[in-house]
Amino acid sequence: MIHVSSLSALNSVTTRLKSYDLLTLLSPDTPQTDWREFACERHVRLAFHDIVEPVPGLTAPDRDMMQAVLDFAARANFNARC
């Protein structure tokens, strides 16, 4: 099962789960977070701006980042369909 949460609600969402993996997609401008309080099995953190084309001064998602998302899902045994 996939749970989607805002960063502000993450603690209340994860408290109800026995175990979980955590995929965090944040802007590079988001203040640092201490992730140790989230006792997750696996945590993949990616930081990029929500853009589809390169913009000077911003971080666009690249092939490696998107592959990390796909690998995360594959290891969690999710079947993605388009």
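This section describes the overall fold, the pockets and several individual residues of a predicted model.

The protein contains two helices and two strands. Read from the N terminus, these elements follow the order α-β-β-α. Helix α1 covers residues 10-15, strand β1 residues 21-26, strand β2 residues 42-47 and helix α2 residues 63-75. Along the principal axes, the C-alpha atoms occupy a box of roughly 40 × 30 × 15 Å. The chain comprises 82 residues, of which 21% are buried. The exposed surface of the protein amounts to about 6600 Å², with 53% of this area supplied by carbon and sulfur atoms. Among contacts with a sequence separation of 6 or more, 26% are between residues 24 or more positions apart.

The largest pocket has a volume of about 750 Å³. Its lining consists of 26 residues, and those closest to the pocket centre are I2, H3, D21, L23 and F72. Helix α1, strand β1 and helix α2 are the elements that each give two or more residues to this lining. The greatest contribution to the lining of the largest pocket comes from β1, with six residues. Classified by residue type, the lining of the largest pocket holds 19 nonpolar residues, six polar residues and one charged residue.

The second largest pocket encloses about 190 Å³ of space. The residues around the second largest pocket are T24, L26, S27, P28, T30, P31, Q32, T33, W35, R45, L46 and A47. Two or more residues of this lining come from each of β1 and β2. Strand β2 gives the most to the second largest pocket, with three residues. The lining of the second largest pocket is made up of six nonpolar, five polar and one charged residues.

Two of the residues examined lie in the strands. R42 is located in strand β2. Its relative accessibility is 19%, and R42 is therefore classed as buried, the limit being under 20%. The side chain of R42 forms a polar contact of 3.1 Å with the side chain of D21. D21 is also among the residues closest to the centre of the largest pocket. Beyond residues up to four places away in sequence, R42 touches Y20, D21, L22, F72, R75 and A76. One of these, F72, is likewise listed among the residues closest to the centre of the largest pocket.

L26 belongs to strand β1 and is one of the residues lining the second largest pocket. With a relative accessible area of 23%, L26 is partly exposed, because only values under 20% count as buried. When neighbours within four places in sequence are set aside, L26 contacts L7, W35, L46, A47 and F48. Of these partners, W35, L46 and A47 also appear in the lining of the second largest pocket. L26 and L7 are 19 residues apart along the chain, and their C-alpha atoms are separated by 9.0 Å.

T14 is part of helix α1. The relative accessible area of T14 is 8%, so this residue is buried. The T14 side chain reaches the backbone oxygen of N11 at a distance of 3.3 Å. Apart from neighbours within four places in sequence, T14 is in contact with Y20 and F38. Y20 is also touched by R42. The C-alpha atoms of T14 and H3 are 9.0 Å apart, with a sequence separation of eleven residues. H3 is one of the residues closest to the centre of the largest pocket.

The remaining two residues lie outside the helices and strands. S6 is placed in the segment that precedes α1. The relative accessible area of S6 is 40%, so S6 counts as partly exposed. S6 and T24 are separated by 18 residues in sequence and by 9.8 Å between their C-alpha atoms. T24 is found in the lining of the second largest pocket.

H49 occupies the loop that connects β2 and α2. The relative accessible area of H49 is 11%, so H49 is buried. Not counting residues up to four places away in sequence, H49 touches S27, P28, D29, G57, L58, T59 and P61. S27 and P28 are also among the residues that line the second largest pocket.

Notes: Residues numbered from 1 in each chain as written. Predicted model: local features only at pLDDT ≥ 70, side-chain atom pairs only at ≥ 80, totals over all residues. Heavy atoms only, no water. Helix = DSSP H or I, 4+ residues; strand = E, 2+ residues; numbered from the N terminus. Buried < 20%, exposed > 50% of the residue type's maximum accessible area, 1.4 Å probe, protein only. Polar contact = N/O pair within 3.5 Å; in protein donor to acceptor, adjacent residues only side chain to side chain. Contact = heavy atoms within 4.5 Å. 1 Å grid on protein atoms, 1.4 Å probe; cavity = no way out; pocket = protein on both sides within 12 Å on 5 of 7 lines; lining within 4 Å. Points joined across faces, edges and corners; volume = space filled by probe spheres on them. Nonpolar A, V, L, I, M, F, W, Y, C, P; charged D, E, K, R; others polar. Areas by Shrake-Rupley, 256 points an atom, 1.4 Å probe, with all protein chains shown as cover.
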